[in-house]
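Please work through the exercises below with the sequence and the model at hand. Each task is followed by a solution in steps.

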Amino acid sequence: QVQLVESGGDSVQPGGSLRLSCAASGTDSSPETMAWFRQVPGNKRELVARIDRPDTITYAESVKGRFTVSEDIARYTVYLQMNSLKPEDTAAYYCYAKFYTYGYEFEYWGQGTQVTVSS
């Protein structure tokens, strides 16, 4: 069973930085898509950043220029480097992965890690 384990969430001051990581376990293949979403209670979950193999990276307009998504494919891990954090970045951040195996699509979500930006 594939599990996505997130880490790195914390409370920081505005302007600070955090790096989130998400490691996939229970798989022996690389995901076709890995992404970060975030959600504030009462709001719709929104895409923050995603990597679609082999070379397509997408960012939400609100984080473009401040956040960077990257991956260590050998370790089945995706990262989200968050710089110049703002209070409006406060949310639960969720890792997402999609696999295609023999024509079948499999999607997985992490449990979320909380990021709080306040003074």
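The exercises go from the whole chain to single strands and then to single residues.

The model is predicted: local features need pLDDT of at least 70, side-chain atom pairs count only at pLDDT 80 or more, and totals for chains, interfaces and linings use all residues. Residues are numbered from 1 along each chain as its sequence is written, and side-chain values use heavy atoms, with hydrogens and water left out.

**Exercise 1. Overall form**

Task: Determine the secondary-structure content of the chain and compare its radius of gyration with the globule rule.

Solution.
- Step 1. Helices (H or I, at least four residues) and strands (E, at least two) are DSSP runs, numbered from the N terminus. The chain has 0 helices and 11 strands, and its pattern along the sequence reads β-β-β-β-β-β-β-β-β-β-β.
- Step 2. The radius of gyration is taken over C-alpha atoms, and the globule rule is 2.2 Å times the number of residues to the power 0.38. For 119 residues a compact globule would have a value near 14 Å, and the chain agrees, with 14 Å.
- Step 3. Along the principal axes, the C-alpha atoms fill a box of roughly 50 × 25 × 25 Å.

**Exercise 2. Burial and contacts**

Task: State what share of the residues is buried and what share of the contacts with a separation of 6 or more joins residues 24 or more positions apart.

Solution.
- Step 1. Buried means under 20% relative accessible area, exposed over 50%, and partly exposed in between (1.4 Å probe, protein chains only). Of the 119 residues, 39% are buried.
- Step 2. A contact means heavy atoms within 4.5 Å. Among contacts with a separation of 6 or more, 53% are between residues 24 or more positions apart.

**Exercise 3. Strand β11**

Task: Describe the two faces of strand β11 and identify how β2 and β9 pair with this strand.

Solution.
- Step 1. In a regular strand the side chains alternate between the two faces of the sheet. In β11 (residues 113-117), Thr113, Val115 and Val117 are buried on one face, whereas Gln114 and Thr116 point to the other and are not buried.
- Step 2. Two strands pair if DSSP finds at least two bridges between them. Strand β2 (residues 11-12) runs parallel to β11 and is joined to it by 2 bridges; Ser11 stands opposite Thr116.
- Step 3. Strand β9 (residues 91-101) runs antiparallel to β11, with 3 bridges, and Tyr93 is placed opposite Thr113.

**Exercise 4. Thr33 and the β5-β6 hairpin**

Task: Is Thr33 buried or exposed, and which residues does Thr33 touch beyond four places in sequence?

Solution.
- Step 1. Thr33 lies in strand β4 (residues 33-39) and counts as buried because its relative accessibility is 4%.
- Step 2. Its contacts, excluding residues up to four places away, are Arg50, Ile51, Asp52, Arg53, Tyr96, Ala97 and Lys98.
- Step 3. Arg50 has Thr58 in β6 as its bridge partner. Strands β5 (residues 46-52) and β6 (residues 56-59) run antiparallel with 4 bridges, and a hairpin of 3 residues joins them.

**Exercise 5. Ser118**

Task: Which residues is Ser118 in contact with, leaving aside neighbours within four places in sequence?

Solution.
- Step 1. Ser118 belongs to the segment after β11 and is partly exposed, at 41% relative accessible area.
- Step 2. The contacts of Ser118 outside that range are Val12, Gln13 and Pro14.
- Step 3. The C-alpha atoms of Ser118 and Gly16 are 9.9 Å apart, although 102 residues separate them in sequence.
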